[in-house]
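Work through the exercises below with the sequence and the model at hand. Each task is followed by a solution in steps.

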Amino acid sequence: MSVLEDLLVVQEHDTVVDQLRHKKETLPEQARLREVKQALAALDASAAEVGNRRDEVARRQQRHEDELASVEDKIREVEKRLYSGEVSAPRELQAMQADVASLNRHRSDIEDRVLEAMQEREPLDAELTNFAQQRSGLEAEADQLGQAIGEQVKEIDAELATELEAREAAAVSIPDDLLSQYERLRSKQGGVGAARLVNGRCSGCHLTLPATELDRIKRGTPDTVVLCDQCGRILVH
Ligand SMILES: [Zn+2]
């Protein structure tokens, strides 16, 4: 096989390597995983905001409940004295009864505030439960995507290793200067540095070469390096 035919084999492997690398970087699962991660971040931000509001309401509810407990203690204390028989002065008994009545009104006010806080908290708790459910759904999807990506990357890496090995084997017989010329052309010409000449036409740029140029190629040896005068690629003739 001529050196140029070997170069074309290198080109074929390089093309497959490029395709495999592109495939690895553009897995649809990878794009979906980015979306899922963004959704998770947005969900966490919303959950943190709602969680702060819920905590604030819960603290308020706790304050009212503590206050309620202390008022109830006071009521029990006064009632205990009131019914203990220790106090007999009517004025004092009257004052204590008035005290109990006032404490009971206060208790009723606090109970209303506890109830308000509970009602305010309920939809926030429901929202947080909903966020948690969404989160676990997205996390499960992220796990599945991660696994699918891992498996595909493993497969692609194995194919890449095989291609690169075959590429190295094909490149052995190619002189260094030709190989580096090819590499330069490849990086300039969208990954294709060598193209076959088919029926007088460069398969890199699909333009037909002038008859004089074709004549010149015919007169050379199979290893003569000829560049396409349109695109500059190495022509395999
Ligand atoms: Zn060309």
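Two strands count as paired if DSSP finds at least two bridges between them. With that rule, V198 stands opposite R201 in β2. The model used throughout is a predicted one.

**Exercise 1. Overall form**

Task: State how many helices and strands the protein has, and decide whether the protein is more spread out than a compact globule or not.

Solution.
Step 1. Count the elements: the protein has five helices and four strands.
Step 2. Put them in sequence order, which gives the pattern α-α-α-α-β-β-α-β-β.
Step 3. Compare the radius of gyration with the rule. For 237 residues the globule rule gives 18 Å, whereas the protein has a radius of gyration of 42 Å, well over that value, so it is more spread out than a compact globule.
Step 4. Look at the box along the principal axes: the C-alpha atoms fill roughly 135 × 30 × 25 Å.
Step 5. Add the burial: of the 237 residues, 13% are buried.

**Exercise 2. Domains and a helix residue**

Task: Give the bounds of the two domains, and classify E151 as buried or exposed.

Solution.
Step 1. Domain 1 covers 18-171 and domain 2 covers 176-236.
Step 2. The C-alpha centres of domain 1 and domain 2 are 67 Å apart.
Step 3. Locate E151: this residue is in helix α3, which spans residues 90-171.
Step 4. Apply the cut-off. A residue is exposed if 12 or fewer other C-beta atoms lie within 10 Å of its own. E151 has 11 other C-beta atoms within 10 Å, so E151 is exposed.
Step 5. Take a distance from E151: 35 Å separates its C-alpha atom from that of I174, which is 23 residues apart from E151 along the chain.

**Exercise 3. The sheet**

Task: What is the order of the strands in the open sheet, and what kind of pairing does the sheet have?

Solution.
Step 1. Start with β1 and β2. These strands pair in the antiparallel sense over two bridges.
Step 2. Name a partner: L197 has C202 in β2 as its bridge partner.
Step 3. Inspect the turn. β1 and β2 form a hairpin with two residues between them, and N199 in the turn has a positive phi of about 50°.
Step 4. Turn to β1 and β4, which pair in the parallel sense over three bridges. Here A194 stands opposite I234 in β4.
Step 5. Combine the pairs: the open sheet has four strands in the order β2-β1-β4-β3, and its pairing is mixed. β2 and β3 (226-227) are the edge strands, as each pairs on one side only.

**Exercise 4. The nonpolar core**

Task: Which residues of the largest nonpolar core touch the most other members?

Solution.
Step 1. The largest nonpolar core has 16 residues, and those touching the most other members are L7, A194, A195, I234, L235 and V236.
Step 2. Assign the core to elements: α1 (3-25), α4 (176-188), β1 (194-198) and β4 (234-236) supply at least two residues each. The largest share, four residues, comes from α1.
Step 3. Follow V236. Leaving out residues up to four places away in sequence, V236 touches L4, E5, L7, L8, A194, A195, R196 and L197.
Step 4. Check the contacts of the whole protein: among those with a separation of 6 or more, 77% join residues 24 or more positions apart.

Notes: Residues numbered from 1 in each chain as written. Predicted model: local features only at pLDDT ≥ 70, side-chain atom pairs only at ≥ 80, totals over all residues. Core = buried A, V, L, I, M, F, W, Y, C linked by C-beta atoms within 7 Å. Buried ≥ 20, exposed ≤ 12 C-beta atoms within 10 Å, placed from the backbone. Contact = placed C-beta atoms within 7 Å. Domains from an automatic or database assignment. Rg over C-alpha atoms; globule rule 2.2 N^0.38 Å.
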